[in-house]
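Thanks for coming. I have one structure for today, and I will put it on the screen before I say anything about it.

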Amino acid sequence: MLDRESTFADPEILALLKERFVPVAIDQWYTRRQQDTEGDFWRQIAGQGPRNDFNKTTQGMYIAGADGKLIAFNNNRGPERLRKLLQQAADDYSHPAGTGLIERKKVDAKYKIELPEGAVVIRVSARIEGGYEATDDKWQKLFQSAVSRDNLWSTIAEQKLLAAGTVPEDLALRIARFHLVDNTRGEPSTWTVEEVRELELTIEAGKLSGTAKLETKDGKRGFDATLRGELGFDENEKLIRFNLLVEGRFWGTGQHTMKPPSGKFPLVISFTLADGTDLGDSIPPHASRGWLDGYLFPNR
Amino acid sequence: MPIVFCAIAVFAVVFGPPAALYSQDGLVPNLAQQCQAVCQDTTAAWRTVAWQTDLIDAQNVAFEKQQPLFIWAMDGHPLGCT
């Protein structure tokens with residue numbers, strides 16, 4: 001999140017990446033686990049760096065040759081160090097002799113999460129609307145103004161139910177458990193089934209409305225929210241409009257979402273149908289990691 | 001866990017699917033704009049880079065173009081949630 005607003009806002013870095021590198025973005029949570037060709041290549045590269053325990057995170061920025069030889073590793077905030085590393089790597093790079101195209105011989109199905117046939121992608125974004133203490137720290141300012149991004153997937157069967165005027169239980173629970181979260185400062189903690197204390201979502205004449213009360217057993221994290229939205233369908237009952245706005249008071253932290261505003265703070269989450277034009281539209285929902293059925297059927 | 005799912009399906013039963021689902025009449029005033037206002041800036045600089053999302057595909061391109069790989073590897077997908 002901070003990288004987007006600092007490192008990848010730097011014009012020199014962007015120019016280098018576009019002109020002199022092949023840039024690739026991966027969720028290494030998947031890649032370091034994959035028992036396949038891609039996973040092997042990632043472990044070859046990351047294994048040469050400082051984060052070479054594949055039971056732990058390997059996150060960072062890596063420069064490597066087409067032969068998998070690590071050239072540089074960076075995990076510093078800010079653009080200065082990376083700018084130098086990129087420039088030097090680009091100037092020094094010579095195509096490694098004897099390197100060939102890597103042929104994909106194996107795909108680990110467990111980590112190949114694909115959009116089910118006929119399903120639609122709905123962009124989900126969240127923003128905290130206030131409550132932070134004033135700060136002069138530039139990194140904290142970026143956190144405080146951050147807008148998150150995830151995708152909600154809705155199956156073809158769910159769309160047909162919606163078109164008939166019924167909110168599918170799986171869809172409502174999926175939205176509540178996995179998408180009514182504060183992911184503005186990092187990976188969110190989602191909700192267990194038991195933490196969904198109340199959930200009401202209805203359709204009337206194409207308009208969605210409802211409420212949700214989510215709270216951990218110890219009461220340290222929660223979200224009281226109202227939902228309102230509008231739907232539209234084509235002649236095949238496929239969603240062609242999905243606008244949903246969730247507004248409420250959130251409190252508490254997750255393991256990777258520390259330093260929220262104190263007390264209860266206003267959180268807004270929007271859902272809009274993706275059209276495939278955004279880089280993030282093809283990314284599987286965060287909560288589908290490693291177990292798509294657990295995401296699609298959240299009561300299990 | 002009191003979950004209530006209601007379906008207002010009278011029109012669907014009597015007249016077929018509600019007409020409002022298929023027309024502009026069902027729109028909530030300004031809702032689309034309010035939703036859009038919360039979304040990420042689609043013109044942000046990092047989005048102008050042609051990010052690959054598969055490491056093997058990227059290796060093949062790097063081989064063809066004789067350029068090094070730059071790998072942005074995160075917990076959570078860099079183009080998505082983190």
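I will go through the interface, then one strand, then a few single residues.

A caution to begin with: this is a predicted model. Every value I give is computed from its atoms.

Let me begin with chain B. Three helices and two strands make up its secondary structure, and along the sequence they come in the order β-α-α-α-β. Of the 82 residues in chain B, 46% are buried.

Now the interface. How many residues of chain B are in contact with chain A? The count is 68 residues of chain B, against 98 residues of chain A. The area buried between chain B and chain A comes to about 7700 Å², and carbon and sulfur atoms give 61% of that.

On the polar side, 32 residue pairs are in polar contact between chain B and chain A, counting pairs with both residues at pLDDT 80 or more. Which parts of chain B supply the touching side? Four elements of chain B each give at least two residues to the side that touches chain A: strand S1 (3-7), helix H2 (31-38), helix H3 (55-65) and strand S2 (69-74). The largest share is that of H3(B), with ten residues. Sorted by class, the side of chain B that touches chain A holds 44 nonpolar, 18 polar and six charged residues.

The rule also finds three salt bridges across the interface of chain B and chain A. One of them joins the side chains of B:Asp54 and A:Arg104, with N to O at 2.8 Å. Please keep A:Arg104 in mind, as that residue comes up again with A:Thr37.

Next, strand S2 of chain B, which pairs with strands of chain A. In which sense does S2(B) run against strand S1 (residues 22-27) of chain A, parallel or antiparallel? That pairing is parallel, over six bridges, and within it A:Pro23 stands opposite B:Phe70. Strand S2 (residues 60-64) of chain A is joined to S2(B) by five bridges, and here the strands run antiparallel. In that second pairing, B:Leu69 is the bridge partner of A:Ala64.

What about burial in this strand? Six of the six residues of S2(B) are buried, so the strand is largely enclosed by the rest of the structure. Both faces are covered: B:Leu69, B:Ile71 and B:Ala73 are buried on one side, and B:Phe70, B:Trp72 and B:Met74 are buried on the other. B:Phe70, then, is a buried residue that also faces A:Pro23 across the parallel pairing.

For a helix in chain A, look at H8 (residues 169-179). Nine of its eleven residues are buried, and H8(A) is mostly covered. Among the buried ones are A:Leu171, A:Leu173, A:Ile175 and A:Phe178, but also A:Arg174, A:Arg177 and A:His179.

Now to A:Thr37, which sits in helix H4 (residues 37-46) of chain A. Is A:Thr37 buried or exposed? Its relative accessible area is 12%, under the 20% cut-off, so A:Thr37 counts as buried. The side chain of A:Thr37 reaches two backbone nitrogens: that of A:Lys105 at 2.9 Å and that of A:Lys106 at 3.0 Å. Setting aside neighbours within four places in sequence, A:Thr37 is in contact with A:Ile102, A:Glu103, A:Arg104, A:Lys105, A:Lys106 and B:Ile56. That list includes a residue of chain B, namely B:Ile56, and it includes A:Arg104, the salt-bridge partner of B:Asp54.

Last, two backbone angles. Most residues other than glycine have a negative phi. A:Glu237 has a positive phi, near 65 degrees. A:Glu237 is in the loop between strand S8 (222-233) and strand S9 (239-251) of chain A, and at 25% relative accessibility it counts as partly exposed.

The other case is B:Gln66, where phi is positive at about 55 degrees. B:Gln66 is in the loop between H3 and S2 of chain B. Its relative accessibility is 48%, and B:Gln66 therefore counts as partly exposed. Both elements beside that loop, H3(B) and S2(B), supply residues to the side of chain B that touches chain A.

That is what I have for today.

Notes
Residues are numbered from 1 along each chain as its sequence is written. Chains are lettered from A and ligands numbered from 1 in the order in which they are written. This is a predicted model: local features need pLDDT of at least 70, side-chain atom pairs count only at pLDDT 80 or more; totals for chains, interfaces and linings use all residues. Side-chain values use heavy atoms; hydrogens and water are left out. Contact means heavy atoms within 4.5 Å. Buried area is the accessible area (1.4 Å probe) that two parts lose on being put together, summed over both. A salt bridge is a side-chain nitrogen of Lys or Arg within 4 Å of a carboxyl oxygen of Asp or Glu. A polar contact is a pair of N or O atoms within 3.5 Å; within protein, one must be able to donate a hydrogen and the other to accept it, and residues adjacent in sequence count only if both atoms are side-chain atoms. Ala, Val, Leu, Ile, Met, Phe, Trp, Tyr, Cys and Pro count as nonpolar, Asp, Glu, Lys and Arg as charged, and the others, Gly among them, as polar. Two strands pair if DSSP finds at least two bridges between them. Buried means under 20% relative accessible area, exposed over 50%, partly exposed in between (1.4 Å probe, protein chains only).
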